Amino acid sequence: MPKILIIEDEAAIRNVIKNILLDEDKSYDVEVAEDGMDGLNKIRETDFDLIISDIKMPKKDGVQVLVEALEFNPDLSFLMISGHGDIDTAVDCIKKGAFDYISKPPDLNRFLSTVRNALDKKVLLTKNKELTTENKALKRKVAKQYEMVGESEVLNTIRDIIDKVADTEARVLIIGPNGSGKELVAHHIHEKSSRNKMPLIEVNCAAIPSELIESELFGHVKGSFTGAHKDKEGKFELANNGTIFLDEIGDMSLPAQAKVLRALQEGKISRVGADKEIKVDVRVIAATNKDLRKEIAEGRFREDLYHRLAVIVIEVPGLNDRREDIGKLVNHFAMQISESSGMSKKEFSDDALKVLEKYDWTGNIRELRNVVERMLILGGNPVSKSDVENFVKK
């Protein structure tokens, strides 16, 4: 229900404007003020969608109300009306932030059209503000999801490398065991780079069948193979001007490796089944849990592609090599899981943390997170040493 305030010192005109608005739309919630000071007080107390204000009024004129109200709330929409107006007055009001200016007596159709447009602007501003707030909240949530938790020497070394390499165009190869946090490193590099306004497109090369990997990476044209019912953009196109993260690149087929190499060398790709070349500007970050030099020696990975990817190599250690971070990780995951699931957050006793610090984390950070979630469901509060010993290996 739009809320409208009429500020007008002549009672007859106030009532006429109010009746015009209510005849136009019964849903309007219309209030009136008899002078500028009264109007300004009402503006401070109520969130109006539109202010319709006379200019020549006692105590405070309409222009003073306009200026002071916009200082208080810059998103307010003002429609100024006056029987003493001229072009200079109208221009002055618009410069000071009014939505529009109408001379008295107003043309009825123009008046109502301006009111509708001003209210539409307010709705749009409100939606944009809501979207901005949602986007900021989402970014905070994503940032928290990909937070690098811990203060171990090896983790701080990785942070230093990220800071140095992020805002360059250097390609990065991230190596480390499964579940160690290679994806987090890729996200931090992207977010700290000048490409962070554009997308980070992730591709899990191990999860895509070899016969489909080229289509996923480079796209295809309609009819190029069975099931290609329409043209499709590939991940490289989607990542244009941003970053592509090729996770588990050691599992990529040799034909796909050749096409990736060409894309890196020439900055061009071709969709499957097409002759046309498409220029792409993409930063490539790759990750693997394999020894790529061994894969090269055994003919499963191209050496020239390796050298293209491994301009900067970041080695992410397994959790067993950064046990001093386990306590912070446990608290981080406990908070994260409780917030996302609605479960009550539980504390972990010192004895429970000592057991976790000595455990053999073959599944690394991913395994630790699963254990913390299990403890939040099955353990006591605080989670005890016996809780961990009873449930951690099950």
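These are my notebook entries on a predicted model of a protein.

**Entry 1: how far to trust it**

I began with the confidence values. The mean pLDDT of the protein is 89, and 93% of its residues reach 70 or more. I then looked up where confidence is lowest and where it is highest. The low end is helix H5 (residues 108–145), with a mean of 70, while strand E6 (residues 172–175) stands at the top with 98. I wrote myself a reminder: where pLDDT is low, the predicted coordinates should not be read in detail.

**Entry 2: the whole chain**

Next I looked up the secondary structure, which comes to 16 helices and 12 strands. Is the protein spread out or compact? Its radius of gyration is 31 Å, whereas the globule rule gives 21 Å for 394 residues, so the protein is more spread out than a compact globule. I also noted the span of the C-alpha trace along its principal axes, about 90 × 65 × 40 Å.

I turned to burial and found that 43% of the 394 residues are buried. The accessible surface is about 20,600 Å², and carbon and sulfur atoms hold 49% of that. For contacts with a separation of 6 or more, I found that 70% are between residues 24 or more positions apart.

**Entry 3: a salt bridge inside one helix**

Side chains of opposite charge can pair when their charged atoms come close. How many salt bridges does this model have? The count comes to 25, and I picked a few to follow.

My first pick was Asp38 with Lys42, where the closest N and O atoms are 3.1 Å apart. Both residues sit in helix H2 (residues 36–45), with their positions 4 residues apart, or about one turn of the helix. I checked their surroundings too. Asp38 is partly exposed because its relative accessibility is 22%, above the 20% under which a residue counts as buried. Lys42 is also partly exposed, at 21%.

**Entry 4: a network of four**

I moved on to Arg262, which forms a salt bridge with Glu266, the closest N and O atoms being 3.5 Å apart. These two are in helix H10 (residues 254–266) and, being 4 residues apart, are separated by about one helical turn. Arg262 has a relative accessibility of 27% and counts as partly exposed. Glu266 is partly exposed as well, at 44%.

Then I looked up Lys268 and Glu277, a salt bridge with its closest N and O atoms 3.7 Å apart. Lys268 is partly exposed at 26%, and so is Glu277 at 38%. Which residues belong to one network here? Through salt bridges that share partners, Arg262, Glu266, Lys268 and Glu277 are joined together.

**Entry 5: just before helix H10**

I stepped back along the chain to Ser253, in the loop between strand E8 (243–247) and H10. Is Ser253 buried or exposed? It is buried, because its relative accessible area of 18% is under the 20% cut-off. Setting aside residues up to four places away in sequence, I found that Ser253 touches Ser210 and Ile213.

Another check started from Asp304, which is in helix H12 (residues 303–309). Asp304 is partly exposed, with a relative accessible area of 34%. Its C-alpha atom is 9.8 Å from that of Gln257, although the two residues are 47 apart along the chain.

**Entry 6: the two sides of helix H14**

Which residues of helix H14 (residues 350–358) are buried? I found Ala352, Leu353 and Leu356. Looking down the axis of H14, I saw that its buried residues fall within an arc of 95°, so they line one face of the helix. What do they pack against? Their partners are helix H13 (326–341), helix H15 (364–378) and helix H16 (385–391). On the other side of H14, I noted that Asp350 and Lys358 are exposed.

**Entry 7: a residue in helix H16**

I finished in helix H16, with Phe391. At 24% relative accessibility, Phe391 counts as partly exposed. What is Phe391 in contact with, leaving aside its neighbours within four places in sequence? I listed Arg374, Met375 and Leu378. I also looked up Gly379, which is 12 residues from Phe391 along the chain; their C-alpha atoms are separated by 8.3 Å.

How values were computed
Residues numbered from 1 in each chain as written. Predicted model: local features only at pLDDT ≥ 70, side-chain atom pairs only at ≥ 80, totals over all residues. Heavy atoms only, no water. Salt bridge = Lys/Arg side-chain N within 4 Å of Asp/Glu carboxyl O. Buried < 20%, exposed > 50% of the residue type's maximum accessible area, 1.4 Å probe, protein only. pLDDT = per-residue confidence, 0-100. Rg over C-alpha atoms; globule rule 2.2 N^0.38 Å. Contact = heavy atoms within 4.5 Å. Areas by Shrake-Rupley, 256 points an atom, 1.4 Å probe, with all protein chains shown as cover. Arc of directions from axis to C-beta.
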